[in-house]
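Student: I should like to understand how the terms used for this structure are justified. May we take them one at a time?

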Amino acid sequence: MRSGFPGLTGGWHYLDSAATAQKPQVVIDAATRAMGADYATVHRGVYARSAEMTLAFEAARRKVAAFIGGAEDELVFTRGATEAINLVAQTWGAANLKAGDRILLSLLEHHSNIVPWQLLAERTGVAIDVCPLTGDGRIDLDAAEAMLTREHKLVAFAHVSNVLGSVLDGPRAVALAHGVGAVILLDGCQAVPRLPVDVAALGCDFYAFSAHKLYGPTGIGALWARRELLAAMPPWQGGGAMIDRVTFERTTYAPAPQRFEAGTPAIVEAIALGAAVDYVSAIGLPAIHAHEAALVGQLRRELAARNDVTLFGPEDSAGIVSFALDGVHPHDLGTILDEEGVAIRAGHHCAQPLMDHLGVPATARASFGLYSDESDIAALLRGIERTRRIFG
């Protein structure tokens, strides 16, 4: 697989796929064609190339929707998962939540699944509750069950933690939310590249994810939402493409999903995302998950054998291993590893409340992709040994 990724040439050991995945040549080629020989705008032109580009753009929407088990009229293209979650907060949330209502988040959420709800709470008076974690770093659904009340109108959980790699029991989380009449949003950024996702089987109400972690381009992501919820949500941004008719007296709006895609869309990025979906689908997510699970198991065993490493998260974390090297700040470790040709993530990973819970300022995070192999683990371990020698 590595030979198909131009960004992995020269013996570079890339262990930061949870932040952003490298791009296969087929995705790069799709973007190049879309921006070059095939380029035209969509939805507005009567000339042939515009019509062809429109067909390609909407075909990408169908691919992406089907990839997660949804329908094309339920999938909104956004700038990424962050915008998708903000869209839900500022449309569905603003229309449906009021003072006295409650939102349940978890302790391991990424900032993009915390801050939008805080902004909404500041305007509406809705209260935010935080679900604790189990000892091995999973969202504690027993605690969630005890906490949920009829006042809770929304539950927003990460499907897979971007720090701990812990996988949510999605069907149970959905059942708990629906049991008190709440809707549930799942942040699927780390799940979609690693696990088969079927929103219909999950039964969730909203599902958000980004393209660039799915071997696609930056600048685009998606929000899937149940058809009836999308249909009832008011527009968020105004402009071209999301309207039915505009007069100075009154504007009427296009149906979903177009109602939420104001302005010229990310045409090239959507087509490249469709190519990424084709690429991942051809390999198969079960195979990708099994490959990453084997690498996670190997790395965790190697690190657990050391007496100077603290491991975080469950043994069966999905594609992600977070750890701390005693007496060494993760930033120092990351810098020395870079000198060894190894790229990891070091920091709070946009999950500062989780860092506070873990009692550390930051962690080192090694995350795998479908192109990762045992040589990456060996290089990481060599770099850790060198760092140990430097720090004593």
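Student: How do the residues in the lining of the second largest pocket divide by class?

Tutor: The model is a predicted one. In the lining of the second largest pocket there are nine nonpolar, four polar and four charged residues. Its volume is about 260 Å³. Of the 17 residues that line this pocket, Phe77, Thr78, Glu83, Glu261 and Ala262 are the closest to its centre.

Student: What makes Phe77 nonpolar and Glu83 charged in such a division?

Tutor: Phe is counted among the nonpolar residues and Glu among the charged ones, so the residue type alone decides the class.

Student: Which elements each supply at least two residues of that lining?

Tutor: These are β2 (75-78) and α3 (81-96).

Student: What is the volume of the largest pocket, and which residues are the closest to its centre?

Tutor: The largest pocket holds about 410 Å³ of space. It is lined by 26 residues, of which His110, Ser112, Asn162, Lys213 and Cys350 are the closest to the centre. By class, the lining has nine nonpolar, twelve polar and five charged residues.

Student: Let us turn to the helices. Why are α3 and α4 called roughly parallel to each other?

Tutor: The axes of α3 and helix α4 (residues 115-124) cross at roughly 25° and come within 9 Å. Angles under 35 degrees count as roughly parallel, and the pair therefore receives that description. The crossing of α3 with α4 is right-handed.

Student: Which residues make the contact between α3 and α4?

Tutor: From α3 come Ile85, Asn86, Val88, Ala89, Gln90, Gly93 and Ala94, and from α4 come Pro116, Trp117, Leu120 and Arg123. Seven residues of this contact are nonpolar, three are polar and one is charged.

Student: How do you know that α11 and α13 are oblique to each other?

Tutor: Helix α11 (residues 330-339) and helix α13 (residues 374-391) pack at an angle of about 120°, and their axes are 9 Å apart. Angles of 65 to 115 degrees count as roughly perpendicular and those over 145 as roughly antiparallel. An angle of about 120° belongs to neither range, and α11 and α13 are therefore oblique. Here too the term right-handed applies, as α11 passes α13 in such a crossing.

Student: Which residues of α11 and α13 are in contact?

Tutor: On α11 they are Asp332, Leu333, Ile336, Leu337 and Glu339. On α13 they are Leu380, Gly383, Ile384, Arg386, Thr387, Ile390 and Phe391. The contact comprises seven nonpolar, two polar and three charged residues.

Methods: Residues numbered from 1 in each chain as written. Predicted model: local features only at pLDDT ≥ 70, side-chain atom pairs only at ≥ 80, totals over all residues. Heavy atoms only, no water. 1 Å grid on protein atoms, 1.4 Å probe; cavity = no way out; pocket = protein on both sides within 12 Å on 5 of 7 lines; lining within 4 Å. Points joined across faces, edges and corners; volume = space filled by probe spheres on them. Helix = DSSP H or I, 4+ residues; strand = E, 2+ residues; numbered from the N terminus. Axes fitted to C-alpha atoms, helices over the stretch in contact; angles between N-to-C directions. Left-handed = near helix turned anticlockwise from the far one by under 90°. Contact = heavy atoms within 4.5 Å.
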